[in-house]
Amino acid sequence: MIRGGKGLVVAAMVAATSATGVACSWGDTGDAARPAGRRIPDRGSSFVPKPGATTPVLALVPPPYDVGSTAAALEHWPDIVPGIETRAFTSFDRRGGNDDGFAGTWSELYEDDRAEHVIFDAAGPGVLRTLWFTSKVDGNGPLALGQVRFYFDGESEPRIAIDADALFAPGGSPFVAPLVAGNQLTSGGFASWAPLPYRGRLRITTERRAGFYAAHYETFPPDWNVDSYVARTEDAKLVDAFEATGPSALPLDDVALDTTVTGAGEIDVLRFEPTTPLDADPRAARLRITFDRAAKPQVDVPLPAFFGSGLGDATIRSVAWTMQPGLWESRLPMPFWESYRITVTGLSGKLRAHVSPSKRTRETAGYLEAHWNEARPTSTGSDFVYVDTTGTGKLIGTVLAVEPLAPYGETVNKQWWEGDLRSSADGRRTPSIHGTGHEDDHLGGWSNEFLSRPFTQPMQGCPKTELLDTNGQYNANASMYRLWPGITFTNALRHTTEHGAGNGRSLNYSSVAFLYRRPEPSTTRTDAFDVTDREAAAAHAYAAGAPRIEAITSAFEGEDASALSSDTHHYDSAVSFELAVDPKNDGVVLRRLFDATHGGERASIEVDGSVVATIYVAEYDPDRRWMERDVFLPPQITKGKTRLHVRLVPEGDFNAARFEAWSVKSPF
């Protein structure tokens, strides 16, 4: 194992400017997001009301669970909570190519005044869930990025400062085993699952420019009382969960291979013990589960894929699954309120289960669904789709199997792993997550190591490969899995991956996507207007002074590269407008369409005279310029109203082409 640096240095700094009573704020930071390589000083505003200010602010409310704990997020997998959004900063090529970290072109958001390379910059409240890198050289080399520094809530000094290679060694809290794993455990990747919650803002910098990286995080409603990370703390329950990846010790009852049970409860453990060999085609055996007499099974998938492997028997030790010879086990919670029916066909064996009393209410939880898809082969030019669905829920995991059509051919049957993950929720045309390839989707590393050293980790793995060619870049059949604390959606989710850069490879792909879902949507667009449509603007009481108008013809990031032509307004002073909402709302989502050419856009939001939140978008994209971004407006400021008066106070350049209101209503 090659690692640089030893130990952990944590600098616990007490914030001099705490955001007392303000849901989302920060102090002076000394930087602003701009294209890589540029250093532009911060413009200085903190968005914190000055002493004596009379503008009301939100009252902080407790979240429904400890959202800063990833362990708590896993315990609440079936529970659906509006207002949470999963996003990512990654080094994917903004020009649509495959320069996802090779040259470091997109491996930073900007440089700050200290010449540190900023890879993460987000307004809170929120939590960093995962941090992943791989070496610029190969799957065995060190990161050699120098110090990684974590700045919270506008503080001028980092609360955590640690050498990049020591971070994944593991070392001291919060980067403890098994929450972190180096490149020898993940076949080339450096992955951390240590959650870092923040109230006002989190910035992460590297001393030297990174190569490939990904940082997945969640944003929360601005009135949730989320405390920022405190030095010398870790998610102890998550450590326990990561260590408990073997078969369950709960007492299990025998279940017939076709059985129906009435009543309410939750399946905690489902175990299958095969007594005959699996057919050469692992798709031949099938598992079907129907909850509460649904018209069709919510689970209808190949049997081994339900337990984490798309290529049959494998060694898996994860939070959700254990697979070993003669024992396949799932610990994904499966709530039901009337009945369930389970059938297994195509393979002999013993089925066993543990069912506990109901732990959740039908009003707030979803049913486990497993969506099977395959393309034999994939279509050149089109993403492979894990799931494309409507309703309300959250994606919590995927299993992916890839089988090349032939072992050889660098430009035909290899390099399929360069396909980027793309996840888009609720009709936003900008993906919330855009990855760099199959290795970062599964938090592994370079292809040769990824394919030649199968690995299994609590939340991700490539547990089975069948090497086909070891000349140059290796080639193999491969089965991969990835678990998420949850990718929440309120009306739609499309979760896809490229197969090769630009979908340039044709192979056999198959997958299962695991989600908790209810079929009813919980958000509906109740109003929208284009700012340059004079009639619509007048109807929405739009007031923007004398904005600069710019005509743009460009595309969004993601699958659809078709051009959109529209005008934008660039503001140098406050802008206000009104949007109609459903008075029975449980919050409102404010969506903005804007030009992301420069990045670092920020503005405070006031609704009916109360300070609500901060819009802050550090990302930029000079090539595919259009971007859509949402901000959740909590029910304490929206409920019971038919119309919201919104006022945005920008700092520096801030622009918009369109505003939309999506009213949130519980579907249960």
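This is a short talk on some local features of one structure, from its peptide bonds to one of its sheets.

Hi everyone, thanks for coming. Please keep in mind that we are looking at a predicted model.

Let me start with the cis peptide bonds. One joins Ala-169 and Pro-170, with omega at about 0 degrees. If you want to find Pro-170 on the screen, go to the loop that runs between helix H2 (164-167) and strand E7 (180-181). Another cis bond links Arg-376 to Pro-377, and here omega is about 10 degrees. Pro-377 also sits in a loop, this one between strand E23 (367-375) and strand E24 (384-390).

Next, backbone angles. Ala-144 is not a glycine, yet its phi is positive, near 55 degrees. Look for Ala-144 in the loop between strand E4 (126-134) and strand E5 (147-152). Is Ala-144 buried or exposed? Neither, quite: with a relative accessible area of 44%, Ala-144 is partly exposed.

Gln-415 is another non-glycine residue with a positive phi, in this case near 65 degrees. Its loop lies between strand E25 (392-403) and strand E26 (421-425). Gln-415 has 25% relative accessibility, so it counts as partly exposed too, given that buried means under 20%.

Now let's step into strand E25 itself, where we find Thr-398. The relative accessible area of Thr-398 is 1%, so this residue is buried. Which residues does Thr-398 touch, once we set aside its neighbours within four places in sequence? The contacts are Tyr-386, Met-480, Tyr-481, Arg-482, His-495, Val-512, Ala-513 and Phe-514. Do click through those side by side with Thr-398 when you have a moment.

Finally, a sheet. Here 4 strands make an open, antiparallel sheet, and their order is E36-E41-E38-E39. Which strands stand at the edges? They are strand E36 (575-580) and strand E39 (610-617); each has a single partner strand, so one side of each has no neighbour in the sheet. From one strand to the next, the twist averages 25 degrees.

Inside that order, let me pick out one pair. Strand E38, residues 601-607, runs antiparallel to strand E41, residues 643-650, and 5 bridges connect them. To see one of these residue pairings, find Ala-603: its bridge partner in E41 is Pro-650.

So, to recap the places to visit: the cis bonds before Pro-170 and Pro-377, the positive phi values at Ala-144 and Gln-415, buried Thr-398, and the open sheet. Thanks for listening!

Terms used:
Residues numbered from 1 in each chain as written. Predicted model: local features only at pLDDT ≥ 70, side-chain atom pairs only at ≥ 80, totals over all residues. Heavy atoms only, no water. Helix = DSSP H or I, 4+ residues; strand = E, 2+ residues; numbered from the N terminus. Buried < 20%, exposed > 50% of the residue type's maximum accessible area, 1.4 Å probe, protein only. Contact = heavy atoms within 4.5 Å. Pairing = 2+ DSSP bridges. Axes fitted to C-alpha atoms, helices over the stretch in contact; angles between N-to-C directions.
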